[in-house]
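Colleague: Could you take me on a close look at one spot in this model? I'd like to start from one residue and work outwards from there.

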Amino acid sequence: MPSTLSDDLVKYYAEQLWQAIAGGYGDDLTTVDFDTPDEQMLQKLQENVWQFSAAKNYSQLKALSEALVDSSGKIREYSEFKKAASAINQEHAGRFLQAEYNMAIGSGQFASKWVDIQRDKELLPLLEFSAIIDGHTSDICLRLDGIIRPVDDILWEQWYPPNHWGERSDVLQQADGTVTPLDDIIYPDKVPAMFKRNMAKEGWAFPEGHPYYTGNPDGVKATANKLRKKYGQ
C-alpha cells in the first residue's frame with residue numbers, strides 16, 4: 001500500500017474541485033464577510049474538498065500498487081504494468097474527476113441555497129422538492145417530485161439534494177402550501193447509501209461514505225490538513 005501521497009496531485013485535485021464549488025456557490029468568495037453563515041459553510045466545504053482530494057489520491061496510488069501483480073499474484077512485466085497504470089491514472093484524472101467536478105458544482109449550489117433557506121425560514125417555512133421530468137429523470141427524483149415539508153422537517157435530513165450523481169433536481173422555498181403527509185410519501189429505493197444525508201447541512205461537498213475513504217490510514221487526513229493550511233484559500 002502507498003505510504004506517501006503526491007502533494008502535487010492532491011493540490012491539483014483540490015484546486016479543480018474548489019473551483020467547481022466556488023462556481024456553484026455563486027458568489028465572489030473574496031467578498032464573503034468573516035464569521036457569517038456563508039463563511040462558515042465555505043470553510044467546511046473547503047476542508048471537505050481537501051480531505052476528499054487526499055483520499056482520491058490515496059485510492060489512486062493504492063490501485064497502482066495493486067496493479068503491480070496480476071490476478072494470479074505474479075509480478076507483471078513492465079509493459080503490462082505501464083498499460084494498467086496508464087488506465088488507472090486516466091480514469092482518476094479523467095472520467096472520475098469530471099463526475100466529481102460536476103458533483104462539486106451541485107454541492108456548492110445546494111450548500112449556498114441551504115444557507116439562504118435557513119436565513120429565510122421564518123418568512124418561507126416550507127420546501128418543495130422539484131424534479132426535472134423528462135426521459136432522464138431518476139426514479140429517486142420522480143418519487144420525490146412535488147413533496148412539500150417544513151424546512152426543518154426530518155425528511156430533508158435525507159432527501160435534500162443531491163441524492164445521487166448527476167442530480168438535476170431542486171428545492172423551492174415557499175411561504176405557504178399544502179404540506180405532504182408523511183404517510184402519503186412513497187420513498188425511493190436503491191438510493192446509494194453515501195447520499196442518505198443532508199450534505200449541505202453537514203458542510204460536505206462529497207459524502208463521507210464515498211469509497212475513497214474506505215480503509216484510509218490516518219496519514220491521509222493529516223496530509224489533507226497540512227496541504228489545506230499551506231495552499232487553501
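**Around Y25**

Modeller: Y25 lies in helix 1; helices here are DSSP runs of H or I with at least four residues, strands are runs of E with at least two, and both are numbered from the N terminus. Bear in mind that this is a predicted model, where local features need pLDDT of at least 70 and side-chain atom pairs count only at pLDDT 80 or more, while totals for chains, interfaces and linings use all residues. Numbering starts from 1 along each chain as its sequence is written, and side-chain values use heavy atoms, with hydrogens and water left out.

Y25 counts as buried because its relative accessibility is 3% (buried is under 20% relative accessible area, exposed over 50%, partly exposed in between, with a 1.4 Å probe and protein chains only). Leaving out residues up to four places away in sequence, Y25 touches D38, M41, L42, L45, G108, Q109, A111, S112 and V115, where contact means heavy atoms within 4.5 Å. Y25 also shows how the fold brings distant stretches together: S107 is 82 residues away in sequence, yet the two C-alpha atoms are 8.1 Å apart.

Now for the helices themselves. Helix 1 covers residues 7-25 and helix 3 residues 78-120; they pack at about 35 degrees with axes 7 Å apart (axes are lines fitted to C-alpha atoms, for helices over the stretch in contact, and angles run from 0 to 180 degrees between N-to-C directions). The contact of helix 1 with helix 3 is made up of 13 nonpolar residues, eight polar ones and one charged; Ala, Val, Leu, Ile, Met, Phe, Trp, Tyr, Cys and Pro count as nonpolar, Asp, Glu, Lys and Arg as charged, and the others, Gly among them, as polar.

Helix 2 packs on helix 3 too, at an angle of about 165 degrees and with 11 Å between the axes. The pair is therefore roughly antiparallel (over 145 degrees; under 35 is roughly parallel, 65 to 115 roughly perpendicular, the rest oblique). From helix 2, the contact residues include D38, M41, L45 and F52, and from helix 3 they include A111, W114 and V115. Sorted by class, this contact has 14 nonpolar, four polar and three charged residues. Some of those names should look familiar: D38, M41, L45, A111 and V115 are among the residues that Y25 touches.

Further along helix 2, which spans residues 37-66, you'll find S53. S53 counts as buried because its relative accessibility is 0%. The S53 side chain reaches the backbone oxygen of V49 at 2.8 Å, and beyond four places in sequence S53 touches V10, Y13, A14 and L17.

For a contrast outside the helices, try H164, in the loop between helix 5 (155-159) and strand 3 (170-174). H164 is buried, with a relative accessible area of 12%, and its side chain makes a polar contact with that of S138 at 3.3 Å (a pair of N or O atoms within 3.5 Å, one able to donate a hydrogen and the other to accept it; sequence-adjacent residues count only if both atoms are side-chain atoms). Beyond its neighbours within four places, H164 is in contact with M103, S138, I140, C141 and F195.

Stepping back, the chain has seven helices and three strands, and 42% of its 233 residues count as buried.
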